[in-house]
Amino acid sequence: MKESRREFIGKSCRALTMTALASQMSHFGLVSALAQKKAEADNGASDYKALVCVFLNGGNDSNNMVVPKHSAGYAEYNAARGPQGLAIPLANLLSVTPPSLGLEFGLHPSLTEMQQLWNQNKFAVVCNVGTLVQPITKAQYLSGAPRPEQLFSHSDQVAQFRTAISNSNNSTTGWGGRLADRTTPLNSGGAIPMVTSIAGVTVFSNGATTSPLIVEPSPTPLNQVLTLNGFGTTSDELARKTAMQKIRNEDLDKTLVQKAAFLTQQAVNVSEQLNGDPALTVTFPNTTLGNQLRQVAKLMKFRTQLNMSRQIFFVQLPGFDTHVSQIPGQGALLTQFSQAMKAFYDETVAQGISGSVTTFTMSDFSRTLNPAGALTNVGSDHAWAGHHFVMGDAVAGGNFYGRPTANGSIFPTLVNNGPDDVSTRGRFVPTVSVEMYAATLARWFGLNDAEMSLVFPFINNFPTSNLGFMM
Amino acid sequence: MPGFSVNRLIFRSIISCLFVFAFTFFAFAANLPEDAPILISQPDSTRALTAGKTRKGLDYSLNVFPAEGKTRITLFVTNIELLKNEGANAFRVDAQDSRYFRYPMRVISLEPLADRPWVYALTVQLHGQMGNVGDVLIRANWRGVASNRVRVSIGYQGGKISDDEGSVPTPMPEKPVVKEQTANLVGLPWTGDRVRFMQQATFGANAALESRLRRITYSTWLNEQMEEKRDANGAIRYSTFPYPVLTLQPTSPATNCGVTCLRDNYSMYPLQNWFFREALYGEDQQLRRRVSWALSQIWVVSGRETIQPSRMLPYLKILDRNAFGNYRDLMREMTLNPAMGNYLDMAISTRQSPNENYAREILQLFSVGLYQLNQDGTVKTDAQGNPFPTYDQNVVNGFTKVFTGWSFCETTAACPNRTVNAVNFIDDLLLNPNNHDTTEKQLLNYPGAVSTIPAGLSGDEDLDRALDNIFYHPNVAPFVSKILIQQLVTSNPTPAYVGRVSAVFNNNGNNVRGDLKAVIRAILLDPEARGNLKTDPDYGHLREPVLLVSNILRPNDATSNANAAGNCNNQSDGVLNGATSALDQDVFNPPSVFNYYPLTYVLQNTDLHAPEFGIFSTGTALKRPNFINQMVFGTGIERSANSPCGTKINITRWQNLAASDATGAGLVDGLNRELLHNSMSPQVRTHIMQAVQAVAPTNTLKRAQTAIYLVTTAPQFQIQR
């Protein structure tokens, strides 16, 4: 199992230069039936799909993001969190009633824009999602059944959400990158890499052959995110530029030198393509997430010029590690989240691609139901399963999705040491694995069943690769 | 000698084909550095002399090996002189196929031949995913130096892969290779080894340090750097430039605190400027500064949450003070430091409301890591290859209890630095016994460990026992040693190198554990760090932004910018954080406790660690040459309200070289010597020469600028090898 995941060292000399990618792909068995599918589907500009991952970094406490509002559910919640001051007052919760549960729930009071989108059926909640190596119950967990490596550790759980591989932290490829590897034929002729991160280097974006584009967020104009200064048109400048180019092709047998040269060359190539800064219709909030999603929207608006028909984006909002002062801290972050998501959604509507763009959240983990500290300092510690949002016109919105928890419903029992808690502090065992969640998105994106296990090596450990939240 | 009988068998079978070539042996090594290991080939070709396992024992005649993960190949290597305890784990072996895919091979064993102890049988295992690739070229790397490459067939004989240029047969030698001392003597100026030493031990080479090192040798210089320094008042000083004078401020800035007030009291600006001045000009604290900077990337506290530089300074002083101290002292001082207590929430963790944050991170990031390690830093595994976790949630719970009850020092009696209207970030955290959990605590369990603390002890006793429990865990030595090697020398040290340094961490020779002086010395003087030229393809590490900037500024005599005031003393003001933060290294403001870049970052599609690549991407790749353009062709960093002196480089020295040799060779070779420690390949040299020669020879400024730009923007310079 371990050996099969470990990619060999595939690098050196010409192996990773752009022109040789084709032969490398065949080496990896990547050229697939999808190529034909692309030919069939290739009937014009209408074939555009994009996935946008919004990573809530630090471990978002989804216990306060989606809260039972019906009396029995709220009573349990309030009993677990009220005394220390971490419970949100019932009256402040923004009401949503998912048909799948037939009960009233409430969104965090900062999510006003998200509630509007809910009312238009533009977003769905996927409940109790977390890292898993196989389905597991509380009893099985307590008796030592296989579980993800290093639960409750930030770096490891972040990596596992991004790689969709939970029994090891050694993977150098993420599910975004592997999905791009397999769906490259759907994007033939694309001028820039299929995966773009607006939030720096992340394993999510790396595939076996996919090397992501990484750009900085707005307000840097799109045509200035990658520029090489200092070259005019005099003969000595041109000679210097030529030399610089040639130097990048030398000493490529040195692994780290090769990697630095490759990334620099990729930046130079892309900088020639990003020669405009398209104007957007919607005004985005000038926030960390707002500026990242604004840059995503600009790249989307540029899609036709860049001949992109499939794109995967990664953005990130940090700060969710609310061990302390969670009430103001998470509140401000969710306000930022809600406003940026709404602006982004509205911009996709303006661009006519709201049915082609699906935006979803991931996070390290949720947080303990049992608070850490009390009163003004109150926060929560690292836990396990949490709830996630999926947004777009292709989403079967206005509903909750998931798999049954110990209580038979898809929503866990909010009781410390209750039937879903593997500790005594409200760390819920996931019923939806990262794989099930991601595979549902990947299928919509165009990944076929035959290749599902190539992107998600452990998907067959789970009962389904389709949770039904995509139309 | 029963263990060697098999080897003798091999040897007898091949002896017939040896003697003819015995006298020609030395010629083939001409292409390799004198300290390179030599893989032995057939007498008349570059095909490896190999042996493989059969039912009847070893068969030396095997030359086509089945493409299975279990296949083992025995190669023969010579021209190595092993240290005590240096064995298989000192080697890294790889095979490259005709498609240029390179596969790491697991090194199984290394044993000297009985009859020829100067030759070793090196047994490796094929990579599981190799397939029937036909002929491959195999290389062995030892102490950062690559061997010649020899040919072996996997699956079938053939396939289009040509020998390395200039390679010749390297048949079995009749006697040890005699080392001929070539030009690389210690006393020569600007040897590759000395320049690389400066890049490892300081923030960059410069001429004064070069000549000093040549005269006094590394060891004396290390002593000199490590010895106590005192200021004019006789107090011990840990920096060349005095620390900025900073006062604890109210948590919320006063309403009349304007832009400058915020910059100086609520941002890392004063500390960043001080840090860069230390890096550029702090000659008598260069090594301490490097080590302190490295430790700050293990024991991470971020200015993003600390906000006030006055709150950050005591934390930085702990790093400086303990850079040449003992790791156990560092652990205690860090644990009780208020900035750390604030950052990882120990300062608010109480018996009534415990917080796991510090407990988890001190284990995972600052001391033992997640998995049990061998002393050479490799991960221990079971028969199925699964690692053993170092601890579980019970242990995290135990340490969480240990760390309860400590908070900011706010009583008049115990807290000399208490400041009215400000939180005390200077004095150690103070124990409030009422908030300390005195129940029994589970600690780390390992052979010899005292793995529980009984109920009823004081918070102080609990802390000492718990820190001892961590400090004596066998993981600490390899865990910390490897990170420090990665910071100073190379991202992928061989296990043997880690093992040598770990051994010093465990015992400095005087039965002291955790002596960082000894550890740093062991790291920098190790044979894997030393040597004129490193040819192992996986050697070295990416220059993180701070090192890129300082490694360019120091050799180019950075000064203040034009028209700077007299109090600038002709020196840069150190306002350089703008340059590094554009490259995703905002000094003292790492984004999280996982540092500017994850220390565990693995390069895509490889099994190689490359921590600094965590912030090298398409997004930052072009900002490196853009910074260099600004310094070399532009006017440097101009003076401004936030930069009273500015920064520029002085390239007169290079201009003089350009003037003295119209071909440009003197200039390019000088840069190769002083910036690339003679590692520039002939091809790169040709490209740079062409660009230099495209500039009129009379325009010595532009020639110098062109050459410096091309050398420092080269991927070959981004990686410090």
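pLDDT is the predictor's confidence in each residue, from 0 to 100. This is a predicted model, where local features need pLDDT of at least 70, side-chain atom pairs count only at pLDDT 80 or more, and totals for chains, interfaces and linings use all residues. Residues are numbered from 1 along each chain as its sequence is written, while chains are lettered from A and ligands numbered from 1 in the order in which they are written.

**Exercise 1. Work out where pLDDT stays under 50 in chain B.**

Step 1: start with the average. Chain B has a mean pLDDT of 91, with 94% of its residues at 70 or more.

Step 2: go to the N-terminal stretch. Over residues 1-30 of chain B pLDDT stays under 50, and the model has 40 contacts beyond four places in sequence for them. Two residues are in contact if their C-beta atoms, placed from the backbone, lie within 7 Å.

Step 3: add residues 181-186 of chain B, also under 50, with 4 such contacts.

Step 4: try chain A too. Its average is 89, and 90% of the residues score at least 70; residues 1-45 of chain A stay under 50, with 76 contacts beyond four places in sequence.

Step 5: for the complex, the predictor gives an ipTM of 0.90 and a pTM of 0.85.

**Exercise 2. Check the radius of gyration of each chain against the globule rule.**

Step 1: set up the rule. The radius is taken over C-alpha atoms, and the rule is 2.2 Å times the number of residues to the power 0.38.

Step 2: plug in chain A. Its 471 residues would give a compact globule near 23 Å, and chain A has 23 Å, so the two agree. The C-alpha trace of chain A spans about 75 × 50 × 45 Å along its principal axes.

Step 3: repeat for chain B. Its 721 residues call for a value near 27 Å; chain B has 28 Å, which agrees. Here the C-alpha trace spans about 90 × 75 × 45 Å along the principal axes.

**Exercise 3. Describe the side of chain A that touches chain B.**

Step 1: count residues. Chain A puts in 68 and chain B 70.

Step 2: find the elements. Among those of chain A that each supply at least two residues are α9 (235-247), α10 (255-273) and β11 (379-382). Helices (H or I, at least four residues) and strands (E, at least two) are DSSP runs, numbered from the N terminus.

Step 3: pick the largest share. That is α10(A), with 12 residues.

Step 4: sort by class. This side of chain A has 27 nonpolar, 24 polar and 17 charged residues. Ala, Val, Leu, Ile, Met, Phe, Trp, Tyr, Cys and Pro count as nonpolar, Asp, Glu, Lys and Arg as charged, and the others, Gly among them, as polar.

**Exercise 4. Test the length of helix α12 of chain A.**

Step 1: the expected span is 1.5 Å times one less than the number of residues.

Step 2: α12(A) covers residues 326-350, so its 25 residues should span 36 Å; the end C-alpha atoms lie 35 Å apart, which agrees.

Step 3: look just past the helix. A:Gly352 takes a positive phi of about 75 degrees.

**Exercise 5. Find which residues touch the most other members of the largest nonpolar core.**

Step 1: define the core as a set of buried Ala, Val, Leu, Ile, Met, Phe, Trp, Tyr and Cys residues joined through C-beta atoms within 7 Å. Buried means that 20 or more other C-beta atoms lie within 10 Å of a residue's own.

Step 2: in this core of 181 residues, the answer is B:Ile523 and B:Ala707. Helix α16 (residues 476-488) of chain B gives the most to the core, 8 residues.

Step 3: list partners of B:Ala707. They include B:Trp654, B:Leu667 and B:Ile688.

Terms used
Buried ≥ 20, exposed ≤ 12 C-beta atoms within 10 Å, placed from the backbone.
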